[in-house]
Amino acid sequence: VLSDKNKLNMFVPQGFAHGFVTLEANTLFNYKCSNVYNKASEGGILWSDPDLNIDWNVTKPILSEKDTQNPKFSDFESPFVYK
């Protein structure tokens, strides 16, 4: 758990899928990127994908419109080609 009290942070390597859930209302979440924002490089995976079976510990999450439209992991196509 990351908080303003413990000052912990987490490193997610470039190209790794990641997600988060906030535990309190009105949470501010900041993150750094490895490059300038580029909408064409965005991708996403459906947060509730039953194949991934992630226990987010929430029953009625508040999601952005974008996040409700993400594909299941099995249908995900990366905007990047890794070599």
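Is Tyr31 buried or exposed, and what is its relative accessibility? In this predicted model, Tyr31 has a relative accessibility of 60% and therefore counts as exposed, given that the exposed class begins over 50%.

## Aromatic pairs

A search of the whole structure finds 2 aromatic pairs. In one of them, the ring centres of Phe20 and Phe29 lie 3.7 Å apart and the ring planes meet at 15°, so this pair is classed as stacked, the cut-off for that class being planes under 30 degrees apart. Phe29 also pairs with Tyr31, and here the arrangement is tilted, with 6.0 Å from centre to centre and 45° between the planes.

Phe29 thus takes part in the stacked pair with Phe20 and in the tilted pair with Tyr31, and the three residues Phe20, Phe29 and Tyr31 form one aromatic cluster.

## Accessibility within the cluster

The members of the cluster can also be described by their accessibility. Phe20, at 45% relative accessibility, counts as partly exposed, and Phe29, with a relative accessible area of 37%, is likewise partly exposed, whereas Tyr31, at 60%, counts as exposed.

## Asn53 and its relation to Phe20

Asn53 is placed in the segment before helix 1, the helix that spans 65–68. Its relative accessible area is 66%, so Asn53 is exposed. With respect to the aromatic cluster, the separation has been computed for Phe20: Asn53 and Phe20 are 33 residues apart in sequence, and their C-alpha atoms are 15 Å apart in space.

Conventions. Residues numbered from 1 in each chain as written. Predicted model: local features only at pLDDT ≥ 70, side-chain atom pairs only at ≥ 80, totals over all residues. Heavy atoms only, no water. Helix = DSSP H or I, 4+ residues; strand = E, 2+ residues; numbered from the N terminus. Buried < 20%, exposed > 50% of the residue type's maximum accessible area, 1.4 Å probe, protein only. Phe/Tyr/Trp six-rings, centres within 6.5 Å; stacked < 30°, edge-to-face > 60°.
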